[in-house]
Amino acid sequence: MQQDENASHTSTPRPEREKTLVALSSVGATIGLTSFKLIVGLMTGSLGILAEAAHSGLDLVAALMTLFAVRIASQPADEDHHYGHGKVENLSAFIEALLLIGTALWIIYEAAGRLFFQQGHVEVSIWAFLVMLTSIVVDITRARALMQAARKHGSQALEADALHFSTDIWSSAVVVIGLGIVALANYLHLPGWLGQADAVAALGVSGIVIWVSTRLIRETLDALLDKAPGELAPKLQRQLRALPNVLEVRRTRIRRAGNKHFMDIVIAAPRTLPFEQTHVLSEVIEEQAIEATREASPQSEYDVIVHIEPIASPNESVADQIRYLAELQGIHAHNIHVRKVNGELEVDLDVEVQADMTLREAHTKASHFERIVMEHNALLRRVTTHIEAPDNTIAYRQEVTYANRSLQTDITHIADSIVGPGRTHEVRLYQSQRITHHMPMQETQSGGPATLTLAPPEALDVTLHLTCEAHTPLSQVHTWAEETKRALRRAHPYLDTVTIHTEPPEE
């Protein structure tokens, strides 16, 4: 999920604009500091200050690289870079770390020459202290600004720059201490070896630089080599396994490019889950992935792909299994009855096939389906199917309830005798009506036109509602409804369809 890239320019600045401004301010500050340190270092001959000048020179290169990386990384995905340009930030931080290590090695070489071969002389002046204190103040200011922008926008390049300049504060402080010791040794005529404190300070700067650079290299290589960020994947897997209808978490792949996380999640769900519920499940998984990532990196952007694979659920019933297999074969299965005989299962069911099939074709399809059901369930010893064609006809009727009051009363009496007095209501009667004009009909699911048929003049359709107690088991309610149907057909054989709606009392 990407953040809105069309935010208004009249309110807060766009993220890339704000990151660019922070990077530009860092470049300007670095140019000033580098020039100041170089001039004072040459004037005083301080290796510590010259080391800091070289360090600031590389800071300038790093700041320019960060500015370039931020501008490139903010560009959207294109035909050549389907995942965007976020890794430019990671590459910039990696190159910056290599440059810093090179600088540290040069400083170590120069410091060793001064310590062991007494090369160079340090002229301590007020300018030396002034330039280093200025450097500390500037580094504190820009490190804070860079870190705030990095956390706000999830930028690894700005974060690397902020960490870099935070260590510059400590390295500058080391140089100031070294210069202070040299000045004190010269003023109090202390032993000569104290005059090499400047070189020792330079070694301290080098150690800090190498430590920071090693950390930067490790972090940027993790991003460039698509290492999963921390404990995010195991944590996400635990959250997903706790979700309803998630039977297995088969894969969670996470990688980071710049401030964007790409997540690829594969889970297994019940194969009988309807399509709509499967889609809802995928959205829930996506929300869980984003929430887990947001805790680790609040300002990151997200791109989540969820793939759901169907498998048999441990709680899947025989009827559920048969319906699923029927759908795979293009058959509609209903009226499924399962019975257990001598420890083995038998199944009777109705199957609907295309209405235009011949009996031979329909029987072949049904027999093939029976074999598939037997193969998928070793407990089944017999499967018996009743073949039927789907009823795509439309019966055209007119309501005749008010013209058959006596029949309505009799139907109510029969139903009440089964479910209880006063439980039957909304009894409606419908009779066939002759059609003398053509009426267009929608096509059926099988592709052919729906036909309009007329029931025999004496045939009646009946619908009625039965009210049952809310706590009544559904199996008992179904038994009452079926018993009511049989009783109505015995009393009135000419009834065509009988539809009974069962409901709890109104609250």
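Let me begin with an absence: in this model, which is a predicted one, the count of aromatic pairs comes to zero, where a pair would need ring centres within 6.5 Å. An aromatic ring does take part in another kind of arrangement, however, since the charged end of Arg 255 sits over the ring of Phe 262, at 4.8 Å from the ring centre.

From there I would like to turn to the sheet made of strands 1, 2 and 3. It is an open sheet of three strands, in the order 1-2-3, and its pairing is mixed. Strand 1, residues 248–257, and strand 3, residues 301–311, are at the edges, and each has a single partner strand, so one side of each is left without a neighbour in the sheet. On average, and with direction ignored, neighbouring strands here are turned by 10° against each other. If we look at strand 1 and strand 2, the latter covering residues 260–270, we find that they run antiparallel and are joined by nine bridges; within that ladder, Ile 254 stands opposite Met 263 of strand 2. Lying across strand 1 and strand 2 is helix 7, residues 232–241, which runs at about 145° to strand 1.

The next sheet is built from strands 4, 5 and 6. This one is also described as open, with three strands in the order 4-5-6 and mixed pairing. Its edge strands are strand 4, at 332–341, and strand 6, at 380–388, each of which pairs on one side only, and the twist from one strand to the next averages 15°. How do strand 5 and strand 6 run, and how many bridges join them? They run parallel, and eight bridges connect strand 5, residues 344–352, with strand 6; to take one position, Leu 349 has Thr 385 in strand 6 as its bridge partner.

Two helices pack on this sheet, and I will take them in turn. Helix 9, residues 318–328, touches strand 4 and strand 5, and its direction makes about 145° with that of strand 4. Helix 10, residues 359–376, touches strand 5 and strand 6, and its direction makes about 150° with that of strand 6.

Let me move on to a contact between helices. Helix 11, residues 405–419, and helix 12, residues 474–491, have axes that come within 9 Å and cross at roughly 145°, and the crossing is right-handed. On the side of helix 11 the residues involved are Ile 411, Ile 414, Ala 415, Ile 418 and Val 419, and they meet Trp 480, Glu 483, Thr 484, Ala 487, Leu 488 and Ala 491 of helix 12. Sorted by class, this contact comprises nine nonpolar residues, one polar and one charged.

I will finish with a single residue, His 465, which is placed in strand 11, residues 460–467. Which residues does His 465 touch, once those up to four places away in sequence are left out? The contacts are with Arg 423, Thr 424, His 425, Glu 426, His 501 and Glu 503. For Thr 424 we can set sequence beside space: it and His 465 are 41 residues apart along the chain, while their C-alpha atoms are 5.8 Å apart.

Definitions and conventions. Residues are numbered from 1 along each chain as its sequence is written. This is a predicted model: local features need pLDDT of at least 70, side-chain atom pairs count only at pLDDT 80 or more; totals for chains, interfaces and linings use all residues. Side-chain values use heavy atoms; hydrogens and water are left out. Two strands pair if DSSP finds at least two bridges between them. Helices (H or I, at least four residues) and strands (E, at least two) are DSSP runs, numbered from the N terminus. Axes are lines fitted to C-alpha atoms, for helices over the stretch in contact, and angles run from 0 to 180 degrees between N-to-C directions. Contact means heavy atoms within 4.5 Å. Rings of Phe, Tyr and Trp (its six-membered ring) pair if their centres lie within 6.5 Å; planes under 30 degrees apart count as stacked, over 60 as edge-to-face and the rest as tilted. A charge sits over a ring if NZ of Lys or CZ of Arg is within 6 Å of the ring centre and within 35 degrees of the ring normal. A crossing is left-handed if the near helix is turned anticlockwise from the far one by less than a right angle, and right-handed if clockwise. Ala, Val, Leu, Ile, Met, Phe, Trp, Tyr, Cys and Pro count as nonpolar, Asp, Glu, Lys and Arg as charged, and the others, Gly among them, as polar.
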